[in-house]
Amino acid sequence: MTLNKNTPSSLLRVAVIFCITFCYLMLSACQTLAATDVDSNGNYQSRTIHSPDGIAKFYMGREIAKVMGHTEALWLERPSREFEEQPTKLVNALNFKPTDIVADIGAGTGYLSFRIAQKVPLGKVLAVDIQPEMLDIINFLKKENSITNVEPILGSITDAKLPLNSVDLVLMVDTYHELSNPYEVMRGVVKALKPNGRVALVEYRRENPFIPIKALHKMTQKQVCKEMSAVGLQWRETQSFLPTQHLMIFEKIS
Ligand SMILES: C[S@@+](CC[C@H](N)C(=O)[O-])C[C@H]1O[C@@H](n2cnc3c(N)ncnc32)[C@H](O)[C@@H]1O
């Protein structure tokens, strides 16, 4: 049977499509109108319509995620992490020299810092975090395991407090997406890098909708590259051997 174009059901369908389109356009317009700059440089915008997992602050089109609190420290140390994320493979792939100075920004409990410390016996790991409770855990584990080449640093939300021109590799694992001031922190990172220094970002792959992590805690390669280039970092390579995360390497544009 052919439906007459003017039957009540087709009119209803047109009306529903019209209403949905109208609501969508109104929401988009509200969102645009509600976006206000939250810094004098225009780097960040605040929007009223945003994800419950975010802080309502947007950077280069991306909403910044809420910081993972220190009460979730045990989750970072979960035994299944080795199988799920394969951090040993990650640390091996970073090809450290024994003398390297490494900054682990957003170190949390030092899960990665302590693993890297073994690879740089003549160098050190600067374990930076903004939560003093995380640094307390690092100091406890450092003493407990007699590790001398991990140096905890209390950073601020805008500054990782790294010495200038001093670091061979800056690593951020599952952290960059929750920096409340990524532009300022990364400008400081660039200044802290030695001339051939590298930045390694490990983020859950947002391109893959089947990775069971909240959307704001995942990033696409395209977005990461856009944000790194804004602070003077050039993409070198992406390695895809980890089960759920990208390992992306950047260098200073000289
Ligand atoms: C999800 S945890 C990851 C911890 C660690 N990298 C790991 O993989 O086990 C993110 C950490 O980044 C820290 N963080 C958030 N913003 C930061 C900032 N601006 N500077 C330094 N650390 C920050 C948080 O306090 C938290 O400990």
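Two strands are taken to pair if DSSP finds at least two bridges between them. The legends below describe close-up views of a predicted model.

**Figure 1. Strands E11 and E12 pair as an antiparallel hairpin.** Six bridges join strand E11 (residues 233–239) to E12, and the two run antiparallel. Five residues lie between E11 and E12 in this hairpin. One of the bridges links Thr238 to its partner in E12, Met248. The C-alpha atoms of Thr238 and Met248 are 4.4 Å apart in space, although the two residues are ten apart in sequence.

**Figure 2. Thr238 in strand E11 and its surroundings.** Thr238 is placed in strand E11. A residue is buried if 20 or more other C-beta atoms lie within 10 Å of its own, and exposed if 12 or fewer do. Thr238 has 14 other C-beta atoms within 10 Å and is therefore partly exposed. Apart from neighbours within four places in sequence, the contacts of Thr238 are Gln221, His246, Leu247 and Met248. Of these contacts, Met248 is also the bridge partner of Thr238 in E12.

**Figure 3. Strand E12 also pairs with strand E9.** Strand E9 (residues 193–205) and strand E12 (residues 245–252) are joined by seven bridges in the antiparallel sense. Tyr204 has Gln245 as its bridge partner in E12. Strand E12 thus appears in two pairings, one with E9 and one with E11. In a regular strand the side chains alternate between the two faces of the sheet.

**Figure 4. The open sheet formed by strands E1 to E4.** Four strands make up an open sheet with antiparallel pairing, in the order E1-E2-E3-E4. Its edges are strand E1 (36–37) and strand E4 (62–65), each of which pairs on one side only. Within the sheet, three bridges connect strand E2 (residues 44–46) with strand E3 (residues 54–59), in the antiparallel sense. Ser46 has Lys57 as its bridge partner in E3.

**Figure 5. The largest nonpolar core, viewed around Val170.** This core contains 47 residues, among which Ala103 and Val170 touch the most other members. Strand E8 (residues 167–173) contributes the largest share, six residues. Leaving out residues up to four places away in sequence, Val170 touches Ala103, Ile105, Val189, Leu193 and Val199. For the chain as a whole, buried residues make up 31% of the 254 residues.

**Figure 6. The buried side of helix H7.** In helix H7 (residues 182–192), the buried residues are Pro182, Val185, Met186, Gly188, Val189 and Ala192. They lie on the same side of H7 because they cover an arc of only 155° around the axis. An α-helix has 3.6 residues a turn, so residues three or four places apart point the same way. The packing partners of the buried residues of H7 are E3, strand E5 (101–105), E8, E9 and helix H8 (221–229). One of these buried residues, Val189, is also among the residues touched by Val170.

**Figure 7. The buried side of helix H8.** Val224, Glu227 and Met228 are the buried residues of H8. Their arc around the axis is only 100°, so they sit on the same side of H8. These buried residues pack against H7, E9, strand E10 (218–219), E11 and E12.

**Figure 8. Met219 in strand E10.** Met219 belongs to strand E10. Met219 counts as buried because 23 C-beta neighbours lie inside 10 Å. Not counting residues up to four places away in sequence, Met219 touches His177, Glu203, Arg206 and Val224. Val224 is one of the buried residues of H8. Met219 and Arg205 are 14 residues apart in sequence, with a C-alpha to C-alpha distance of 5.7 Å.

**Figure 9. The shell of residues around the ligand.** The ligand is surrounded by 23 residues, and the closest are Met68, Gly106, Gly108, Tyr111 and Val173. By type, the shell divides into 15 nonpolar, five polar and three charged residues. Helix H5 (111–117) and strand E6 (124–129) each supply at least two residues of the shell.

Notes:
Residues numbered from 1 in each chain as written. Predicted model: local features only at pLDDT ≥ 70, side-chain atom pairs only at ≥ 80, totals over all residues. Near = placed C-beta within 6 Å. Nonpolar A, V, L, I, M, F, W, Y, C, P; charged D, E, K, R; others polar. Core = buried A, V, L, I, M, F, W, Y, C linked by C-beta atoms within 7 Å. Contact = placed C-beta atoms within 7 Å. Arc of directions from axis to C-beta.
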